[in-house]
Every structure is written in structure tokens, then in C-alpha cells.
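Reader: I am new to this structure and would like a close look at one part of it. Please start with the cysteines and then show what lies around them, step by step.

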Amino acid sequence: MPDLLLSSASMNESPTEIWRYAVVTIGNNRIGTQNTGFVMNQQITNIDYKQISQIYKVPQLPACPIYCGGPVNTDRVTIIHSTDFSNTNTQRINEHCSITFNKDIVNKLRQGQGPKHWKCIIGFSVWQDGQLDAEMQRRGGWMTHPWTDTVWSNYKMKNKLWKRIVRRDAESKANLFLDTVFDTQSS
């Protein structure tokens with residue numbers, strides 16, 4: 001499985017807002033035969049961090065944007081974070097991030113002692129067995145990308161993170177191409 005999925009140009013024309021300009025981290029763990037992932041750039045604008053504790057009956061979070069990780073289990077809130085933090089409730093998603101939600105991580109975050117990178121996420125994404133592979137193979141389906149810590153950035157406009165990752169990838173590929181054209185090795 002790739003580290004990240006990026007919506008393609010044709011997906012960005014979709015009327016389904018959650019998949020437009022989506023940057024999704026994919027889990028190595030499966031729930032039964034399902035692939036799981038978290039949309040990392042879909043901010044929720046009608047709920048703030050203060051309301052999360054009231055709505056979801058969880059400890060008060062430090063000031064942060066709230067993200068929609070996907071359309072499944074939106075009745076649950078969790079912290080997706082870098083792997084430099086772990087406690088007994090932490091579940092590793094892939095080699096780059098984990099999820100945790102309990103009073104301990106909230107207290108650590110409020111004290112500035114939690115993980116280096118984190119986001120508060122509501123819900124997650126699920127693909128049935130074979131569904132994600134088929135979507136990645138389909139013309140106009142998902143693009144794949146290696147992990148980048150840029151996903152931890154907070155942008156109000158979701159297309160900014162998507163464009164930043166795509167632009168970096170395009171520049172890298174252009175430089176690689178130019179290196180082969182001008183064969184800088186043999187001069």
C-alpha cells in the first residue's frame with residue numbers, strides 16, 4: 001500500500017466534497033478485509049475544539065482545527081499523530097503515524113509534551129477488499145505519493161495542502177527528467 005493517496009484531477013471535479021483535493025494517509029492495518037485511511041486536509045468548519053469536549057464527552061483539547069478523517073464512524077473523535085508518542089491506547093496506523101484518544105494524550109498535548117505532530121480527527125475512511133486497488137487502477141482514480149511531513153500542516157483551504165504536495169512531486173520529476181536530458185554525470 002502507498003503511504004498517501006491524492007485525489008486525481010477528475011476526482012477533484014466530483015460533487016462529493018470529502019474526496020475533492022483529498023490527501024489520505026493509508027493504514028497498514030486492516031479491519032477484517034477493509035483498508036482504512038484518514039483524510040488529512042478536510043477541516044470541519046462548524047465544530048471547533050471547544051465544542052468537541054461537549055459533543056463527544058472528551059477532555060478539553062488545546063486550540064486546534066478539527067478534521068474529518070472520512071465518512072465512517074463520525075461519532076468518534078481521535079488524535080492522529082506522529083509515532084514519537086505512544087501509550088497503552090495507541091494504535092499504529094503505518095510507519096509514519098498512529099492514533100490515540102484518551103485523557104493521557106489530551107493532557108500531554110495541553111502541557112506541550114505530546115507528539116511533535118498531531119491532528120484531531122472525526123471519523124475515518126474505509127475501502128472494501130479490492131475496492132481501493134480497483135480505484136487506484138482506474139483512469140482518473142487515486143494518485144499515490146510517498147509520505148511527507150507536509151500532511152501535518154494546517155490549511156483552511158484543503159486544496160492548498162494537495163497543491164503543495166503535487167507541486168513538489170512535479171518539480172522533483174521535472175528535475176529528474178532534466179538531469180537525464182542534460183546528462184550532468186558525463187561532463
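Author: There are zero disulfides in this structure, which is a predicted model. Cys120 takes part in none, and the nearest cysteine sulfur, belonging to Cys64, is 5.0 Å away. A disulfide is a covalent bond between the sulfur atoms of two cysteines. To count as one here, two cysteine sulfur atoms must lie within 2.5 Å, so the 5.0 Å between the sulfurs of Cys120 and Cys64 does not qualify. Cys120 has a relative accessible area of 0% and therefore counts as buried. Cys68 is buried as well, with a relative accessible area of 14%.

Cys68 leads to Gln42. Leaving out residues up to four places away in sequence, Gln42 touches Glu17, Ile18, Ile66, Tyr67, Cys68 and Lys158. Gln42 itself sits in a loop, the one that runs between β3 (34-39) and α1 (49-56). Is Gln42 buried or exposed? Its relative accessible area is 14%, so Gln42 is buried; the cut-off for that class is under 20%. One of its contacts is also a polar one: the side chains of Gln42 and Lys158 are joined by a polar contact of 2.4 Å.

Another residue that Gln42 touches is Tyr67. Over the face of the Tyr67 ring lies Lys119, at 4.4 Å from the ring centre. Strand β4 covers residues 66-68, and strand β8 covers residues 118-127.

Lys158 also gives a link to Val23. The two are 135 residues apart along the chain, yet their C-alpha atoms are separated by 8.6 Å. Val23 lies in strand β2, which spans residues 23-31. With a relative accessible area of 0%, Val23 is buried. Its contacts, with neighbours within four places in sequence left aside, come from several stretches of the chain: Leu4, Leu5 and Leu6, then Phe38, Val39, Met40 and Asn41, then Val151, and then Leu161, Trp162 and Ile165.

Strand β8 brings in the aromatic residues. A search of the whole structure finds six aromatic pairs. In one of them, the ring centres of Trp127 and Trp142 are 6.2 Å apart and the planes stand at 85°, so the pair is edge-to-face; the angle for that class is over 60 degrees. Trp127 belongs to strand β8, while Trp142 is in the loop between α3 (131-137) and β9 (143-145), so that the pair links distant parts of the chain, 15 residues apart. Trp127 counts as buried at 3% relative accessibility, and Trp142 counts as buried at 5%. Together with Trp19, these two residues form one aromatic cluster.

The loop before strand β8 offers a contrast with the buried residues above. Lys116 lies in this loop, between α2 (103-110) and β8. Lys116 is exposed, because its relative accessible area is 66% and the exposed class begins over 50%. With neighbours within four places in sequence set aside, Lys116 is in contact with Ser82 and Asp84. Its C-alpha atom is separated by 8.1 Å from that of Phe85, although the two residues are 31 places apart along the chain.

Two residues stand out for their backbone angles. Lys57, which is not a glycine, has a positive phi of about 55°. Lys57 is placed in the loop between α1 and β4 and is exposed, with a relative accessible area of 70%. Asn73, also a residue other than glycine, has a positive phi near 55°. Asn73 is found in strand β5, residues 72-82, and is partly exposed at 35%.

As for the whole chain, its secondary structure comes to four helices and nine strands. From the N terminus, they follow the order β-β-β-α-β-β-β-β-α-β-α-β-α. The chain has 187 residues, of which 46% count as buried. Of the contacts between residues at least 6 apart in sequence, 63% join residues at least 24 apart. The chain exposes about 10400 Å², with carbon and sulfur atoms supplying 48% of that area.

Methods. Residues are numbered from 1 along each chain as its sequence is written. This is a predicted model: local features need pLDDT of at least 70, side-chain atom pairs count only at pLDDT 80 or more; totals for chains, interfaces and linings use all residues. Side-chain values use heavy atoms; hydrogens and water are left out. Rings of Phe, Tyr and Trp (its six-membered ring) pair if their centres lie within 6.5 Å; planes under 30 degrees apart count as stacked, over 60 as edge-to-face and the rest as tilted. Helices (H or I, at least four residues) and strands (E, at least two) are DSSP runs, numbered from the N terminus. Buried means under 20% relative accessible area, exposed over 50%, partly exposed in between (1.4 Å probe, protein chains only). A charge sits over a ring if NZ of Lys or CZ of Arg is within 6 Å of the ring centre and within 35 degrees of the ring normal. A polar contact is a pair of N or O atoms within 3.5 Å; within protein, one must be able to donate a hydrogen and the other to accept it, and residues adjacent in sequence count only if both atoms are side-chain atoms. Contact means heavy atoms within 4.5 Å. Accessible areas come from the Shrake-Rupley method with a 1.4 Å probe; for residues, only the protein chains shown count as cover.
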